[in-house]
Every structure is written in C-alpha cells, then in structure tokens.
Amino acid sequence: MPETEEKEVAAEREHELPIPDILPVLPLKDVVVFPFIILPLSVSREKSITAVDAALAEQRIIMLVAQRDAQSETPRPEELFPVGTVAAIMRMLKLPDGRIRLLVQGLSRARVDSFLAEEPYLKAKITKLEEPPTPKVLPPEQEALLRSVKQNLEKSVSLGKNISPEVMVIAANLDDPARLADLAASNLDLKLEDAQKVLESTDPIERLRLVNDSLSKEITVLTMQQEISSQARGEMDKSQREYYLRQQLRAIQQELGEGEEMSEDVAQFRKLVGEKKIPPEAATEIEKQIKRLERSHPDSAETAIIRTYLDWLTGLPWGNMSEDSADIDRAREILDEDHYDIEKVKERIIEYLAVHALKKSLKGPILCFVGPPGVGKTSLGRSIARALARKFVRLSLGGVRDEAEIRGHRRTYVGAMPGRIVQGIHQAGTSNPVFMLDEIDKIGADYRGDPSSALLEVLDPEQNFSFRDHYLGVPYDLSKVLFIATANILDPIQPAFLDRMEVIRLSGYTLEEKRAIARRHLIPKQLEENGIGEGNLEFTDSGVEKIIEAYTREAGLRNLEREIGAVCRKVAVAVAKGKSRRYRVTSASVEKMLGPVKHFADELLKKDEIGVATGLAWTSVGGDILFIEALAVRGKGGLRLTGQLGDVMKESAQAAMSYARAHAADLGIADDFFETHDVHVHVPEGSIPKDGPSAGITMATAMISAFTQRLAHRDVAMTGEITLRGEVLPIGGVKEKVLAARQANIKTIILPRLNKRDVIQVNPRILHGMQFEYVDNVDQVLDIALFPREPRNTAPAAGAPRDIPVAASTRPIARPNP
C-alpha cells in the first residue's frame, strides 16, 4: 500500500477505531513511534509479548511508550516516559526463536495517567492528547516555517541523507504542520530525548520548529562531512585513509553530541578538582595536564598516558580523612577481644587515642612490631584499624628489591605506575588509614636501588608531609597515616631506617597463654571452618597442653592452629560418615588423632656432671636450653671448638679460655696444665648453626668445671656475655630464655645484673616459683653454678681425659640480642 493511501487509511482509522481509556503498554527501547507512521517492531520480552497478546485479543490497540534506560530489561512504570503513542497492530508474525514481529501504525498521542497493573504485563489508564485544529489558510510565519522544513528535508537528501523518495513525495504534498513535523521527525534518526520532546509537543507550530532546528543541525553535520570528504579526497596511502576516516567520524560525533568522551573526561577531571581539597601545586599540575589533554588527539598514545595520569591524580583521597573513634573504652574492648595479653601494644594505642582526642592535629606514630613468627603482628594491625575506625592497608615488603616499588616509576617509562605507597592510599580511599608495612626485615637491595632508603622519607614525620612519588611528581601528605611495620628480627634493618620507628617487642607465648588463646580464638575458628558444632567436639585443657608441648615447638601459634585444625578434620570425617557423637580430646587421645609425638620437651641432665653447663639460648622461634660440654685431654695447649659455632661464639670461647688461664692460680689449676692439655668445647646438635655472645659465661663455667674437676649444678641455667676481665655483660631475649627454662623445669637462672630490668617486665605468672641470681663477674657465676672444690681433687690428673655424656637435644643461639 502506498504511503499516501496508508496515511488516508490511518486518518480513517482514527475516526473508525475508538481509543479505550485502559490499554496494554508496550515499552520500547531507543525508538519513538509517531502518529500516522507505520513502523516494524521486534518484541522478545515475555511481558511485552503478553501485552501484545492482550491487545490482539481486544481491539488490536496498544500503548507504545519509550523507556528512559534502554539497558533495563524489566522497566518499572517510573522508568517510562509519560507520553507515548496509541497504535494499531496491523500485522503480527511469530518467529521460531519465540520472538514476534509487529507492524504497527500510530493513531494518536496519549498520556499515561496511571498504571493499573504491572503483572503479567503493564496496563495503564491513558488520556488522548487533543491537538488544535489546523486552519485552512496558514499565517505567513507558519507558512514560512512549513516551507523551511520542506526545503531543509530536500537539502539534507541532496547532502547524502538517506530518506526514501516516497517520503519526500508525501512531505512535499503535506500542508498540515502537525503531520509534516511527525513525518520529518520519524525519518531524522533523532536521539531518544529529542524525539520524545517532539512527541510530547501538542502545539503543531512548536513541534515544527523543533523539527526545523534538528534539520538545521543535521544539514550542518552533513555539510561538514562533505567538507571533510573534499579535503581528504585525493591520492592517499593507508595511513592517510585511516586519518581521514577518524576525522570524519570525529566531526560527525561532535555535531551529533555522540562519542564526546574527551570532553566528558575533561569535565569530570575539573569537577573532581573542585570537589576535593587538592593542594595548589597539585591543582596547578592537574590543570596543566587537562589543557594538554584537550589539545591531544583522542587516539594518540600520549592521550592515554595523560588520561591515566589524571585518573591517578584526581582519584587520590586528597584531604579525605576518616573520623577516628573517640571511645577509648570501646577501642580497648576491641583490642582485648581480638588479642590476648600484649598489654604494651594496647597501652600505646590507647595513649595515641587519648592524645588525639586532646590534639586533633596529631601526626600519626610509626610503630614497629618485632617478634617471632605467628605471635599476631599482622592481625594486630587489623585490630588497631578496627579500634580506631580507620581503613586498613597491608603492604608486604618481603623480597622487594626495586626502589620504584616504593617511589613509583617515572612517567617516561612505558607502563609506568605509582609506587605501592600511593597505590595503598588510593585503595584505602582516605588519607589517614592504618598502613602496615609487613616483613620489613626481608627487604632486599640490588642494582635497581635500595627500598629501605626510599622508605626513609615515608617513615620520617618531619618529611612525609610532602612525600613525592616519582610517578605523581607532586607532594602528597602522609603525616596523618598510622604506619605499622613488622619484623621478625632487627639485625637486617638499616640503622637509619630503624631509628625512625618506635620499636615494640612481641615475645613468644607461654603454655598458659597459648592455652588461653586456643580457647578464645583458635578452637572456635577451626570448629567453624571445618563445619563442626560445639556439641560434637570438646577440647580438654590437658588435650590442648599435650598438643602444645608434644606437637609444636614455636613462639607463635601457627603450628598450634594447624594441629587443632587437623584434630577437627579427623572428627569431621567421622561425623560425615554418620558417627555423630560428642568427641573429647584429652592428653591420651591426642596421639591417636595426630600420630606419634613430634617434639620432646628439653630435659635436665640425669645427674650433675663435670664439664657440662646448662645455658639458655634465643632463637627466631623462641627460647631454648642448650648444654655446653668441655673436655681436657693431653696435648699442647690447643683449643678445639665443634658444633658449627659462629665467629662470635668462638670468640666467647676464646675469651673464657683466656680468663681461665689468667686466673689459673685463683681457680686452683696447675701451673703447667695448659701447656700439657688440649681443650675441646662442643655444643651438641652440630648440624644446626649457632652464634651469639650470650653463651659466654656458660662456656666459661663448662671449661672451668672440666679444668678443676668441680661438678656443675644441672638445675642451674645461665646466660650472659663474658669479657677478658671476667665481667658479665647484659644480653637480650630474656623473656624467651626464661620461658625455655620454665619449660625444662629449671628453677634457678643466672643473669647479668643489668638484665634485672628485663625480668621485671616479664609476666609474674611466668616468674612464679623461679629464683634469679644476678651477677657482675665470672667468680659469682662459678660460686653459684659449681659445687665446692673437693680437697683431694684440685686439678684433673694429667692425661686423664673424661668421657662427657652427650646432652639432651638443643637449639641454636640463632642471633645475639644486644
């Protein structure tokens, strides 16, 4: 049927078909249907198909309404435009895939007054929008507007606009402004909002004016398109042709208001600069880069680099601070809830909160938690963040060797990125998070720089208010960040680096502390992770203690948690097989679940020995006891040291030997003893390296016991550094060594007098029942550690070597603790 005839039929149908007040509603994506226009539609949504079926069952009339968001598959009433078109369904075709094809014809504009139902399809009450009648003779202004629209249509076709000749014939013969406006709008490929605006206009002249404006814009675009075509026409190679197509596309998109990502990005960057508290220097740099971005070609590599740089600069939380919790009691509850004991750390955080409540401009402290693995250093950082109501960021520095990991790469490099400090701040979204620098003692250094040196600026409160990342190139304030570093040992850390931090030591846990932590944290956690209810499994105190003593040897809790998890999995297997009952973990049943005992507790010698002294050692996993054996054999005065001893430990043995030779007469050693005897000092478990100065007095005691044939008390342990003058110097790791002595059932400990201050800080529960002897020199050590000299034995018989029993298992002095 020709378009003119269809128009006449449509006009007749408008008079023939009464429009009901209640109609099914068909939401449309990205299309607006105008009255008297015939248009094919594809329908695939179930609710829409149901609405079409309902319309076909009645008078074949349906309400067509455009939806605001084309991505919505189930639009709600508020997501639809209020004005649409009442249309008649002329034809319907069902496709094999379930979709249907419609041919609809617009009848009249209508407004949705209210939606009566949303299920099984949208149904609305509508009101037909009446249009004013068109006078037979148009006023001059309206006649001019009518002719202008017709001329612009013809001009757009001449410039390449794709409009069918039949439509142009109909347009040329139309004298009704309303019908001409609808016909032109339906063939202009307007944006949804513009087309909806034309549909909602009931004034024919106003509608025609809107269409005329759109036609003028379209003609401008088409004109520019032709200009670009003429400028780019000619002999072009492949790159010239690509450039021409890009320019053509850019010009079209700019005129149509489409694809203006560059302008949108620039506007967004400027909006962020206005919203955030960006310092002047950074704001100046951002504005400079925005202007460069505006001058750059959208498809150039430099544009992508500038856009990424601006994304980082504007994405940082400039001046955005989270509000610290002012409730000190609540903060203390959180710290107590998450961690057992460690009072010193908790007190330091509470002090910070109290001072911050009095002085809002307080700089963030820089703490360093030092302790063995598994004592809760990292989890403590999370608890601190929770107590302060701050964001938490963790940066693992283990194995980091490149300075650029901290300071970032300069933008001249391909794929440059900010350093991990700036990335962490960006991730947190605030300028005052709790920032944990994990494993700082494992930072490396090579030809790419030293990350420790790069961190000096980060951790210096006098400098970090203007930290300058290489990528950003502008200062960023880190002074409000609460930095927390963690390390197992302090020796590998640079002195300048260490000087910037407040060191807080976390010692290993006692048996009682491990048992309490297991009760409060580890057992409930493993029960939940393994899906076991508390009614299925019970851990007795004896069972937990057996796991701690026989299956773990550590200062922390990681292995203890693994063994508890292993017990839970054994029970989980039984429960899963249907053997649901209450299982009880006792000291007797632990071995059945976990297998043979893995560790045996260090034990004292069975009897007092000559030439064997009991020492205390510090290792990276806690304290331990060790036995040092000394033996005098006929020889020429040599000193032999075995047991894989380090240089410091060898020097301690030599110092003890020199002291004994210098005081031979006072000690009751024969004058020619050292010329006729060799001395052999051995520390068992020779496969394990041992080092440190704290075994000095233990070596001296073992040697002098062998030289003088005096028995050494097996239940007296000692630790301390020795000098050539016989003075006893202080050592470190006192708490760990005291714990080791307690576990070995040693009641008397000899310590340097200056270490008395360290004993005072140890939990009184650990010290209960133990006796401490504080000494200043070796003579005091010998009076306590050795039995009195027997009158008949003032020195060992010449050439009478003694067989020294091999001591119980030992652990190395892994590192000295000055």
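Good morning. I shall begin with helix H13, residues 343-358, which lies across strand S7 (366-370) and strand S13 and runs at about 145° to S13. A second helix, H16, residues 420-428, packs on the sheet as well, where it touches S8 and S9. The direction of H16 makes about 155° with that of S8. Please bear in mind throughout that this is a predicted model.

Let me turn to the sheet itself. Which order do its strands take? The order is S8-S9-S12-S7-S13, in an open sheet of 5 strands with parallel pairing. At the edges are strand S8 (392-396) and strand S13 (502-505), each of which pairs on one side only. From one strand to the next, the twist averages 20°.

Within this sheet, I would draw attention to one pair. Strand S9, residues 434-438, and strand S12, residues 482-487, are joined in the parallel sense over 4 bridges. To locate the register on your screens, take Met436, whose bridge partner in S12 is Ile484.

I now move to a later part of the chain, and to strand S25. Is strand S25, residues 748-752, enclosed or open to its surroundings? Of its 5 residues, 5 are buried, so strand S25 is largely enclosed by the rest of the structure. Thr748, Ile750 and Pro752 point one way from S25, while Ile749 and Leu751 point the other way, and all of these are buried.

Strand S25 has parallel partners. Strand S22, residues 716-718, pairs with S25 in the parallel sense over 3 bridges, and Val716 stands opposite Thr748 of S25. Strand S26, residues 771-775, runs parallel to S25 and is joined to it by 5 bridges. Here Thr748 stands opposite Gln771 in S26. Thr748 therefore serves as a convenient landmark, since it is buried in S25 and faces Val716 as well as Gln771.

Finally, the chain as a whole. Its secondary structure comes to 30 helices and 26 strands. The radius of gyration is 44 Å, well over the 28 Å that the globule rule gives for 818 residues, so the chain is more spread out than a compact globule. Along the principal axes, the C-alpha atoms fill a box of roughly 145 × 70 × 55 Å.

Of the 818 residues, 48% count as buried. The accessible surface comes to about 39600 Å², and carbon and sulfur atoms account for 49% of that. As for contacts in the chain with a separation of 6 or more, 75% are between residues 24 or more positions apart.

Thank you for your attention.

Note on methods: Residues are numbered from 1 along each chain as its sequence is written. This is a predicted model: local features need pLDDT of at least 70, side-chain atom pairs count only at pLDDT 80 or more; totals for chains, interfaces and linings use all residues. Side-chain values use heavy atoms; hydrogens and water are left out. Two strands pair if DSSP finds at least two bridges between them. Helices (H or I, at least four residues) and strands (E, at least two) are DSSP runs, numbered from the N terminus. Axes are lines fitted to C-alpha atoms, for helices over the stretch in contact, and angles run from 0 to 180 degrees between N-to-C directions. Contact means heavy atoms within 4.5 Å. Buried means under 20% relative accessible area, exposed over 50%, partly exposed in between (1.4 Å probe, protein chains only). The radius of gyration is taken over C-alpha atoms; the globule rule is 2.2 Å times the number of residues to the power 0.38. Accessible areas come from the Shrake-Rupley method with a 1.4 Å probe; for residues, only the protein chains shown count as cover.
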